[in-house]
Amino acid sequence: MKRRHFLELASASATAALLPTFAHAATPLKELRLDYAYYSPTSLVLRRFGWLEDEFKADGTSIKWVLSAGSNRALEYLSANSIDIGSSAGLAALLAKANGNPIRTPYIFSRPEWTALLVRKDSLIQNLADLKGKKVAATKGTDPYLFLLRALKTAGLKRSDIEHVSLQHADGRAALEQGKVDARAGLDPHMAASELESHSRLIYRNVAFNTYGFLNVREEFLSSRSTEVARVIRAYEKARLWIINNPSEAAKILSEEAKVTLPVALLQIKLRSDFSQPLPTNEHIQALQTAAPILLEEGLVKPGTDLKTVIHALIDTRFSQSLISRS
């Protein structure tokens, strides 16, 4: 075989390997491991109706669901090979990827406004500038924490200007309402519950600082089990369309799973979640490129890290193209 012809065939094979052929693997998968999270209503619907269990029943594949309390937990599970597919915020996924977590994102589970800065109803704090010298709770490695850093920057403040208290989201809510911290970067549904039930006040909102809901897959799993990943994404699509057509019923599921009131769940589902754009596109790449500098400025990644390259290595804009419902 001539060298040129060989190289052409090799190049074609490499390109084909990047695209989802969805050919069945030689052996059925024994167990599919993925997370569910209260910040991802789609995962709750999928788990509630058992659609993945039905999809993989004939293959003898068992489905293992693991609760993620926050992006940091989901990304830790992926890094430790405890799950194959996990949900996180976009900027949190970028942070993890830049620090060596071998993940890729072929699907967007929502476009939420799931975080803001809030204080107790009787707090004297009125704006970001008032946070200087105050205790602020936020879960490190999550969108709320990164939201906090970006918000402080808009007011000319640095992380060192506040006393950061690292607590998981539910614990952060309790700490705020008990007066143990002065403010917190919240995450729905805990943030919505604090607003509606304890009348906590939002002092800073910025939808643009809320990065998207990323469905992340371990790179090795995406490469070796593309068929199974495609079937999971199709199931996510079924759940996404169901939520769009049944938002009140989806809120009931969230209410029951997260143990929050129905008004809290309705606030999260109907007013703070957009399920209309599940395909990763240049929009998501640009959103991360805009947000990425905070990771270098705060020393969260190694100096000199080429975040633009990392972003393109993280977001897969092609895998799900043939899987996304156009209705």
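These notebook entries record what I looked up in a predicted model of this structure.

**Entry 1. The sheet**

I began with the strands. I found an open sheet of 5 strands, with mixed pairing and the order S7-S6-S8-S5-S9. Strand S7 (163-165) and S9 are the edge strands, and each of these pairs on one side only. I then looked up the angle between neighbouring strands of this sheet; with direction ignored, the average is 35 degrees.

At one end of the order I examined how S6 meets S7. Strand S6 (residues 135-137) and S7 run parallel and are joined by 3 bridges. Within this pair, I noted that Lys135 stands opposite Glu163 in S7.

Next I asked which strands H7 touches as it packs on the sheet. They are S5, S6 and S8, and the direction of H7 makes about 160 degrees with that of S8.

**Entry 2. Helix H8 and its surroundings**

I turned to helix H8 (residues 190-198) and listed its buried residues: His190, Met191, Ala192, Ala193, Ser194 and Glu195. What covers them? The cover includes three strands of the sheet, namely S5 (117-119), S8 (183-185) and S9 (201-204). It also includes helix H7 (169-177) and helix H12 (262-271). Just after H8, I recorded a positive phi of about 60 degrees at His199.

**Entry 3. Nonpolar cores**

I looked up the largest nonpolar core and found that it holds 99 residues. Which of them touch the most other members? They are Leu32, Leu52, Leu94, Leu117, Leu131 and Leu295. Helix H10 (residues 226-245) gives the most to this core, with 8 residues. Another core, of 7 residues, lies apart from it; I noted Ala116, Leu118, Val181 and Met191 among its members. Met191 had already appeared in my list of buried residues of H8.

I then followed Leu295 by itself. Leaving out residues up to four places away in sequence, I found that Leu295 touches Leu91, Leu94, Leu95, Leu146, Leu300, Val301 and Leu307.

**Entry 4. Salt bridges**

I searched the whole structure and obtained 21 salt bridges. I examined several of them individually.

The first entry concerns Arg231 and Glu55, whose closest N and O atoms are 2.6 Å apart. Arg231 lies in helix H10 and Glu55 in helix H3 (residues 51-56), so this salt bridge ties together parts that are 176 residues apart in sequence. Is Arg231 buried or exposed? Arg231 has a relative accessible area of 11% and is therefore buried, the limit being under 20%. Its partner Glu55, at 35% relative accessibility, counts as partly exposed.

I next considered Glu177 and Arg173, which form a salt bridge with the closest N and O atoms 2.9 Å apart. Both residues lie in helix H7, 4 residues apart, about one turn of the helix. Glu177 is partly exposed at a relative accessible area of 30%, whereas Arg173 is buried at 17%.

The side chains of Asp122 and Arg120 also meet in a salt bridge, at 3.9 Å from N to O. I recorded a relative accessibility of 59% for Asp122, which counts as exposed because the limit is over 50%. Arg120, at 21%, counts as partly exposed.

Finally, I noted a network of salt bridges that links Arg33, Asp84, Arg218 and Glu220.

Definitions and conventions. Residues numbered from 1 in each chain as written. Predicted model: local features only at pLDDT ≥ 70, side-chain atom pairs only at ≥ 80, totals over all residues. Heavy atoms only, no water. Buried < 20%, exposed > 50% of the residue type's maximum accessible area, 1.4 Å probe, protein only. Helix = DSSP H or I, 4+ residues; strand = E, 2+ residues; numbered from the N terminus. Contact = heavy atoms within 4.5 Å. Core = buried A, V, L, I, M, F, W, Y, C linked by side-chain atoms within 4.5 Å. Pairing = 2+ DSSP bridges. Axes fitted to C-alpha atoms, helices over the stretch in contact; angles between N-to-C directions. Salt bridge = Lys/Arg side-chain N within 4 Å of Asp/Glu carboxyl O.
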